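Student: I have a protein model open and would like a close look at one part of it, the loops with unusual backbone geometry. Could you walk me through them and set them against the chain as a whole?

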Amino acid sequence: MDTQMAVIKTGGKQYLVKEGTVLRVERLDAQEGAQVSFGEVLLVAAGEGGEVKVGMPYVANAAVEATVAKQGRAKKVTIIKFKPKTRYYKKQGHRQQFTELKITKIRG
C-alpha cells in the first residue's frame with residue numbers, strides 16, 4: 001500500500017501532506033524538536049486507488065502528527081509606494097515568521 005495523504009488546515013491555509021513531507025507553515029508556538037498534532041484534517045486518502053475520507057468539515061478521529069524542524073524568518077519582501085509629481089515615496093520591508101515541520105504520522 002502506498003503512503004497515506006491528508007489535507008490539513010493551519011494558519012488559515014490548507015496543505016496536502018504525506019509522511020516525511022517537510023513544509024513551512026505560519027509560525028506555531030512550539031520549540032524546535034517538539035511534537036505538534038493537527039486535529040483539523042479535511043481529507044485522508046489511503047494512497048493510489050485506496051479509500052478516501054472527506055470531512056464535513058473535518059474527518060472524525062483523524063490527526064496528523066509532525067515534528068518542529070526549525071523556527072525562522074523568511075526572506076525580506078520590499079514594499080514601495082510612489083506617487084509621481086507629489087514628492088511621495090515610501091519604502092517598507094517585511095519578514096514573515098515561519099515554522100518548518102516534518103510530518104511523522106497520519107492517523108485516520
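Tutor: Happy to! Let's start with charge, as you will probably want that for any electrostatics setup. The protein chain carries 20 positive and 10 negative side chains, and the centres of these two sets are 19 Å apart. Keep in mind that this is a predicted model.

Now the frame that holds the loops. The protein chain has 10 strands and 0 helices, so its pattern along the sequence is simply β-β-β-β-β-β-β-β-β-β. For overall shape, the C-alpha trace spans about 65 × 30 × 20 Å along its principal axes. The radius of gyration tells a matching story: the protein chain has 19 Å, while a compact globule of 108 residues would have a value near 13 Å. Of the 108 residues, 30% are buried. The exposed surface of the protein chain comes to about 7600 Å², and carbon and sulfur atoms supply 50% of it. As for contacts with a separation of 6 or more, residues 24 or more positions apart account for 63% of them.

With that in place, let's zoom in on the loop between strand S6 (52-54) and strand S7 (63-73), where Pro57 is found. The peptide bond joining Met56 and Pro57 is cis, with omega at about 0°. Further along, the loop between S6 and S7 also holds Asn61. Asn61 has a phi near 60°, which is a positive value in a residue other than glycine. How open to the surroundings is Asn61, buried or exposed? Its relative accessibility is 77%, and the cut-off for exposed is over 50%, so Asn61 counts as exposed.

A second loop deserves a visit, the one between strand S8 (77-83) and strand S9 (88-94), where Arg87 lies. Arg87 likewise is a residue other than glycine with a positive phi, again near 60°. Arg87 counts as exposed because its relative accessibility is 86%.

To pull the close look together: the loop between S6 and S7 contains Pro57, whose peptide bond with Met56 is cis, and it contains Asn61, with its positive phi. The loop between S8 and S9 contains Arg87, whose phi is positive too. If you step through the backbone torsions yourself, omega between Met56 and Pro57 and phi of Asn61 and Arg87 are the values to look up.

Key
Residues are numbered from 1 along each chain as its sequence is written. This is a predicted model: local features need pLDDT of at least 70, side-chain atom pairs count only at pLDDT 80 or more; totals for chains, interfaces and linings use all residues. Side-chain values use heavy atoms; hydrogens and water are left out. Helices (H or I, at least four residues) and strands (E, at least two) are DSSP runs, numbered from the N terminus. The radius of gyration is taken over C-alpha atoms; the globule rule is 2.2 Å times the number of residues to the power 0.38. Buried means under 20% relative accessible area, exposed over 50%, partly exposed in between (1.4 Å probe, protein chains only). Contact means heavy atoms within 4.5 Å. Accessible areas come from the Shrake-Rupley method with a 1.4 Å probe; for residues, only the protein chains shown count as cover. Lys and Arg count as positive and Asp and Glu as negative; His and the chain ends are not counted. The place of a charge is taken as NZ of Lys, CZ of Arg, CG of Asp or CD of Glu.
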